[in-house]
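These are my notebook entries on a single structure, kept in the order in which I looked things up.

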Amino acid sequence: MTKSSSSSPSDVLPNGTEPSRDDRPRSPRLWALQRLAERLISRIRPYMWVWPPVAFSAGVASFFLVDRQQWLGGALALGMLLAWVLLLSESLIGRFLARRGYSTLPRGVTTFIAQMIHQETLFFCLPFLLATTVWTSGQALFTLLIVALALLSILDPLYFKLADRYRWVYFAFHAQCVFVVVLVTLPLMLQLTTSESLRYAVVLMVIFSLPSLLHLVRPQQFKGWMTMFGLLALLASLAWVGRAWVPPANLWINGSALSPGLDTATRTPQGSVRLQTDALRRSGLYAYTAIRAPRGLREEVYHEWRHEGELMDRIPLVIHGGREDGYRAWTHKRNFPKESAGRWRIDIMTTSGQRIGVMRFTVTDKPSAALVADGSISPPPGVPGLDIRRLVPGNYPHQP
């Protein structure tokens, strides 16, 4: 079969030149489809202001969809990860098209697609982080950082300036989004524990930070390569050391209680006791928590009993996900020391050191001043874990 030497307007490349015979598209239909996609994106772009509120609403709704319809939340997470694969393979697709005579998508178009995926990712994950953040800890800083990134993704002038002029910062932005989406979606899709998901998130964040370091270091010699790998190792170390500041995105407390007794058959706290030294040394104290987790997830957590900040006991317990009201588990502390008066705190922690929640109470030697632990289950106000009152230092509502 011979090739025609004539050319049509559709055979003209974006730079105004004709493709050579070897570079002509083998499939005019695919060429036309690419042109159609570019025109469609250019027409959608003026209406991009509609997408942020839609993405935010979808992100808020996704938290409740996952809570009530596990399969639907998993489907949303899977769709988002497929979108990430498409974004990350953009350069490979560009090379594939270029070798076959097709023009690659302009950077403005690919940045537009990346922006939509970033918005989808951040607003999808944000409700999970808001719900599971312990606001009196460093987790608040991490969640506020994600809020700032979400706002940046909808501010077009700043976002596109970042993408055009500061590519290494843009790739760092991208890596942070990868970290968050892996942290949230893996427990939903693969029933991985919070600790396992955190490890995968750290590894993938380091991998996707590589383009940022290439733009910074530009390794052309042995010293440059060593500097880059040293920075990657430093980033991985900092991410792992700071894991306590990362909220457990799929675990939160639905209710908690303190009581002197517990009905193991019905898993409900019983009785009442004054939080007084002598009374607690006689009866001990149960710490009851109902922890919400995705269906199919099995995870070990810890109740860490602390007196005036000092760790007294670290008791493990295993929870199973899927129960709408949370998996009911408890620990029982019997051996209160003689000097028990003062502030007590029970940190509910994952095996990787991420705080799920905290219970606080004060023990006193004076019966008249002692509060009562009566087994009343206290649900968190509003969205699980989001207690505005705890933003004020020292303002800790009593949890009986």
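The entries below concern a predicted model and go from strands to charged pairs, backbone angles and two further sites.

**Entry 1. An open sheet**

I began with the strand order and found an open sheet of 4 strands, arranged β7-β6-β9-β10 with antiparallel pairing. I then asked which strands stand at the edges. They are β7 (310–320) and β10 (355–363); each has a single partner strand, so one side of each is left without a neighbour in the sheet. On average, neighbouring strands of this sheet are turned by 20 degrees against each other, direction ignored.

I looked at one pairing in detail. Strand β9, residues 342–350, pairs with β10 in the antiparallel sense over 8 bridges. As a point of register, I noted that R345 stands opposite R360 in β10.

**Entry 2. Strand β5**

Next I checked whether β5 is buried or exposed. The strand covers residues 285–292, and 8 of its 8 residues are buried, so β5 is largely enclosed by the rest of the structure. I sorted its side chains by direction: L285, A287, T289 and I291 point one way, while Y286, Y288, A290 and R292 point the other way. Both sets are buried, and I noted that the second one includes R292.

I then looked up the pairing of β5. With β1 the pairing is antiparallel over 7 bridges, and A257 stands opposite Y288. With strand β8, residues 327–333, the pairing is likewise antiparallel over 7 bridges, and here T289 stands opposite A329.

**Entry 3. Salt bridges**

I searched the whole structure for salt bridges and obtained 7. I recorded three of them, beginning with R314 and E304, whose closest N and O atoms are 2.9 Å apart. R314 lies in strand β7 and E304 in strand β6, so this pair ties together parts that are 10 residues apart in sequence. The two ends differ in cover: R314 is partly exposed, with a relative accessible area of 41%, whereas E304 is buried at 7%.

My second pair was R345 and D347, with the closest N and O atoms 3.0 Å apart. R345 is partly exposed, with a relative accessible area of 24%; D347 is buried, at 1%.

I next asked which residues are linked in a network of salt bridges. The network consists of E304, R306, R314, R345, D347 and R355. Both pairs above therefore fall within this network, which I take from its list of residues together with the definition of a salt bridge.

The third pair I recorded is E308 with R343, the closest N and O atoms being 3.7 Å apart. E308 lies in the loop between β6 and β7 and R343 in strand β9, so the pair ties together parts that are 35 residues apart in sequence. R343 counts as exposed because its relative accessibility is 58%, and the threshold for that class is over 50%.

**Entry 4. Positive phi angles**

I turned to the backbone with a general point in mind: most residues other than glycine have a negative phi. E308, already noted for its salt bridge with R343, has a positive phi of about 55 degrees although it is not a glycine. At 45% relative accessibility, E308 counts as partly exposed.

R267 also has a positive phi of about 55 degrees and is not a glycine. I located R267 in the loop between β2 (261–263) and β3 (268–270). Its relative accessible area is 26%, so R267 is partly exposed.

**Entry 5. A nonpolar surface patch**

I asked which residues make a nonpolar surface patch of about 340 Å². They are L141, L144 and W245. W245 lies in the loop between α11 (222–241) and β1 (252–259), and at 48% relative accessibility W245 counts as partly exposed.

**Entry 6. The surroundings of L149**

My last entry concerns L149, which lies in helix α6, residues 139–154. At 12% relative accessibility, L149 counts as buried, since the limit for that class is under 20%. Leaving aside neighbours within four places in sequence, I found L149 in contact with L122, F173 and Q176. For L122, which is 27 residues apart from L149 along the chain, the C-alpha atoms of the two are separated by 7.6 Å.

How values were computed: Residues numbered from 1 in each chain as written. Predicted model: local features only at pLDDT ≥ 70, side-chain atom pairs only at ≥ 80, totals over all residues. Heavy atoms only, no water. Pairing = 2+ DSSP bridges. Helix = DSSP H or I, 4+ residues; strand = E, 2+ residues; numbered from the N terminus. Axes fitted to C-alpha atoms, helices over the stretch in contact; angles between N-to-C directions. Patch = residues over 30% accessible without salt bridge, like charges linked within 9 Å, V, L, I, M, F, W, Y side chains within 5 Å. Areas by Shrake-Rupley, 256 points an atom, 1.4 Å probe, with all protein chains shown as cover. Salt bridge = Lys/Arg side-chain N within 4 Å of Asp/Glu carboxyl O. Buried < 20%, exposed > 50% of the residue type's maximum accessible area, 1.4 Å probe, protein only. Contact = heavy atoms within 4.5 Å.
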